[in-house]
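Here is a short set of questions and answers on one protein chain. Keep the sequence and the 3D view open as you read.

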Amino acid sequence: MIYVAADSGWWTSPVSAHMTEPAEALSLSAELGLPAALMEAAPENISSGERQRLALVRALILKPRFLLLDEIHSDEPNAYIRGFPDHPHRGFETITIMLEGRMRHRDSRGGHGLITGGGVQWMTAGRGIVHSEMPEQENGMLWGFQLWLNLPRAEKMCPQQYQDLAPERIAEERLAHGGVLRAIAGEVLGVDGPVEPRGTEPVLFTATLRDEAPLVVDVPRDHSAFVFVQAGEIEVGPDHRTTRVAEDHLAILGPGSQISLRARRDHAGILVAAARPLREPIARRGPFVMSTEEELEQAFEDYRAGTLG
């Protein structure tokens, strides 16, 4: 399936997404409008900007590994002037990937830091944390992603943890014709990403593809996977059955053990993520992702009482 965020809501278009089998059809109600999705899935204080695009909100909640993908992309000075003030999380991990610009973060436990262009922050909210994320534009451009990744039920109340990864710590692999792959988590083309092993066994990387040179990446067969095209246009799948995926589109991939990609023209930029299925119940409301409604209610009570985390 390809999921497209449009002003009128979510539109789906069935495709054979990759590998050897068609993508499973997932049905989304036509009543799912973008504003409602924003309110439910993202922090309440999200700023408005003409070029902010929420690439994926609720599609992957149907299979509880990935929870949200938010692309921040603006060269308007006032687009993110409010930033993302204090807001809570519990029960999952947030991964912030900065391409350009900077994101400054502070939390209720005294932690603070700065994510710069090319850097990554992997935050495990675990039992709970309250933090702020305040963008700082460089040369007028702010560009990056935030991905929410579910935690296994047994780890939802684990201690909070930050993995702040400076740009030089992200493993790089040179591709054909000047392309570059940057491995954040898992093993990709024999290169290990710097993120410590996680319960969901994630594989996460960005790549620049050049001149239609193919990129074939092995992934565990039972992992869920998606590809988001941040720039250009790509083809996904083996040579005999490719699917075209345009810029600002996201493809949820079907089962298989390889992801085959190529740029359709001079170049393309992509974000690829895969993770192990949890096959566990999920209960979610706003900034909390737990396993039962009772656990959700407890999270809200803890937040109101000032004891979250």
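Q: How much of the accessible surface of the chain belongs to carbon and sulfur atoms?
A: The model is predicted. Its chain has an accessible surface of about 13,300 Å². The share that belongs to carbon and sulfur atoms is 48%.

Q: What percentage of the residues count as buried?
A: Buried means under 20% relative accessible area. The chain has 309 residues. Those that count as buried make up 54%.

Q: How many helices and how many strands does the chain have?
A: Contacts with a separation of 6 or more were sorted by distance along the chain, and 72% of them join residues 24 or more positions apart. The secondary structure comes to 2 helices and 26 strands.

Q: Which strands are the edge strands of the open sheet E18-E23-E20-E21?
A: This open sheet has 4 strands, with antiparallel pairing. The twist from one strand to the next averages 25 degrees. An edge strand pairs on one side only; here these are E18 (215-218) and E21 (243-245).

Q: Which residue in E23 is the bridge partner of Glu-235?
A: Strand E20 covers residues 234-236, and strand E23 covers residues 258-263. The two pair in the antiparallel sense over 3 bridges. In E23, the partner of Glu-235 is Arg-262.

Q: How many residues apart in sequence are the parts that Phe-66 and Phe-226 tie together?
A: The two rings form an edge-to-face pair, 5.1 Å centre to centre with 80 degrees between the planes. Phe-66 is buried at 2% relative accessibility, and Phe-226 is buried at 0%. Phe-66 lies in strand E4 and Phe-226 in strand E19, so the pair ties together parts that are apart in sequence by 160 residues.

How values were computed. Residues numbered from 1 in each chain as written. Predicted model: local features only at pLDDT ≥ 70, side-chain atom pairs only at ≥ 80, totals over all residues. Heavy atoms only, no water. Phe/Tyr/Trp six-rings, centres within 6.5 Å; stacked < 30°, edge-to-face > 60°. Buried < 20%, exposed > 50% of the residue type's maximum accessible area, 1.4 Å probe, protein only. Contact = heavy atoms within 4.5 Å. Areas by Shrake-Rupley, 256 points an atom, 1.4 Å probe, with all protein chains shown as cover. Pairing = 2+ DSSP bridges. Axes fitted to C-alpha atoms, helices over the stretch in contact; angles between N-to-C directions.
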